[in-house]
Amino acid sequence: MSEKMLKFVNLEMQMPRKRVHSVRTKDFKEIYDQFINEKAKEQSSRCSQCGVPFCQIHCPLHNNIPDWLKLTAEGRLQEAHELAHSTNNMPEICGSICPQDRLCEGNCVIEKAGHGTVTIGSVEKYIADTAWKKGWIKPIKVLKEINQSVGIVGAGPSGLACAEELRKLRYKITIYDRHDRPGGLLIYGIPNFKLEKYTVERRTNLLPGSDLKNIFPAMEFLTASNRKGLGDKVKNFDNGILNAKNKDVIIIGGGDTAMDCVRTAVRQNAKSVKCLYRRDRENMPGSAREVYNAEEEGVEFTWLSNPIKFIGKSQISSVLIEKMKLVTADSSGRKKPEPILNSEFEMKVDMLIKALGFNPEDLPKLFDSLELSVSKWGTIKINLKTMETNLPGVFAAGDIVRGASLVVWAIRDGRDAAVSIQKYLEKRMSKREKAA
Ligand code: SF4
Ligand code: SF4
């Protein structure tokens, strides 16, 4: 093994510098600075090059982490970039927004041994950002296209990853999206967590008072804010409706989307920002790092709290909340919340945001294909091996199948779908050739 590695014994874990909260809450820029070259090299060299790299096993893309860390430590960044891009279509995005503390870094062997994880996400981002800067990332050049075309509906991470993989295989690709910019949630929202939250959303949608004004789904709030950031005119933001400025804001939910909402509200200069979650800190689905950042920025968390009624005349003015306790773990391994009798209390609110999960549209109707098979949650049913729907030649991947999940899983699904689509097209082509 290279003598440049295994430095975790003497070298402390260091994240890229985090901007102080009083400064970073004044803008919407990333809160972490870039690694400088020496730091990226140094932090990569802490890796112990495990024979069984648990970091890689727990990365949904099975990124070859130990190898690109070693290449970075040795200063061989172009090779590190090629390796990182061979399994991940968007390494800089995953390096920034994956909940690493629950995936690669949370399972790093030296983290488990108490030395502090190798900062895998930051190094991955550094490698890809360097590749962009140096011009190593180029559009795919196809010398001779295959005379078969694939239409991809949705320019989110899954669609884009699938498109890229199929383009590399020389197919003609057209991507369709109902929005004016590609990127899906990456551009107008932020990825959410876990299918189980549908159940929560369904339940809270039945809450009395859900039709009061100033209650918004997370995506509406985030989309408005992101559009403003892109320089768009957004009527409902410009007239103050979707702007948290000077308001007492409550966000309901415990995933990363909820964290995105609370931290957005802080940056919009809300009077106060509170987050209600029905479990406790240890049992929330979102990244612990995100909660820590939000707390630093002044967000108040009210754990073990469940809203049971929205109160107000025409618009919401307060929320009735019941306190919860945690009992035995459910099938997901997390403890189940149960209400505590006579524990209700009221909390004042001007703007309420529900970050509880993904509520799929009526997909068969949307696609004008009433025979399209969907699950009881409204997501598309697929053959899990081939990713094909019940409509021959139609494949599906990403949140539309899983429900709200991580960007990194969407990329993985998009790549898997590309492999299946290729097999399908090759079969079709050989049938056509035989018939000719
Ligand atoms: Fe970690 Fe996500 Fe990168 Fe995988 S893609 S190595 S989980 S940051
Ligand atoms: Fe390196 Fe940690 Fe992965 Fe082991 S688990 S190969 S120490 S990053």
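A residue counts as near a ligand when one of its heavy atoms lies within 4 Å of it. With that in mind, here are some close-up views of this predicted model.

**View 1. The surroundings of ligand 1.** Have a look at the 13 residues around ligand 1, of which C59, N63, C98, C104 and E124 come nearest. Sorted by class, this shell holds 9 nonpolar, 3 polar and 1 charged residues.

**View 2. The surroundings of ligand 2.** Four cysteines appear in this view by name: C47, C50, C55 and C108 are among the residues around ligand 2. The shell also includes S48, P53, P66, L69, V109, V118 and I120. By class, 10 residues around ligand 2 are nonpolar and 1 is polar, with no charged ones.

**View 3. A nonpolar patch on the surface.** V52, F54, I57 and V109 together make a nonpolar surface patch of about 330 Å². You may recognise V109 from the previous view, since V109 is also one of the residues around ligand 2. To find V52, follow the loop between helix 2 (37-44) and helix 3 (54-57).

**View 4. Strand 4, inside the structure.** All 5 of the 5 residues of strand 4 (residues 248-252) are buried, so the strand is largely enclosed by the rest of the structure. In a regular strand, side chains alternate between the two faces of the sheet. Here D248, I250 and I252 point one way, while V249 and I251 point the other way. Alongside runs strand 5 (residues 272-276), parallel to strand 4 and joined to it by 5 bridges. Look across from I250 and you will meet K274 in strand 5.

**View 5. Two salt bridges that involve helix 9.** R167 pairs with E145, and their closest N and O atoms are 2.9 Å apart. R167 belongs to helix 9 (residues 157-168), whereas E145 sits in the loop between helix 8 (120-134) and strand 1 (149-153), 22 residues apart. Both partners are partly exposed, R167 with a relative accessible area of 22% and E145 with 38%. The second bridge joins the side chains of E165 and R415 (3.4 Å, N to O). E165 lies in helix 9 and R415 in helix 18 (residues 407-435), so this pair ties together parts that are 250 residues apart in sequence. E165 is buried at 15% relative accessible area, and R415 is buried at 15% too.

**View 6. More of the 21 salt bridges in the structure.** R281 and E295 form a salt bridge, with their closest N and O atoms 2.6 Å apart. This pair connects the loop between strand 5 and helix 15 (288-296), where R281 is found, with helix 15, which carries E295. Elsewhere, K70, E74, R76 and E79 are linked in a network of salt bridges.

Methods:
Residues numbered from 1 in each chain as written. Chains lettered and ligands numbered in written order. Predicted model: local features only at pLDDT ≥ 70, side-chain atom pairs only at ≥ 80, totals over all residues. Heavy atoms only, no water. Nonpolar A, V, L, I, M, F, W, Y, C, P; charged D, E, K, R; others polar. Patch = residues over 30% accessible without salt bridge, like charges linked within 9 Å, V, L, I, M, F, W, Y side chains within 5 Å. Areas by Shrake-Rupley, 256 points an atom, 1.4 Å probe, with all protein chains shown as cover. Salt bridge = Lys/Arg side-chain N within 4 Å of Asp/Glu carboxyl O. Helix = DSSP H or I, 4+ residues; strand = E, 2+ residues; numbered from the N terminus. Buried < 20%, exposed > 50% of the residue type's maximum accessible area, 1.4 Å probe, protein only. Pairing = 2+ DSSP bridges.
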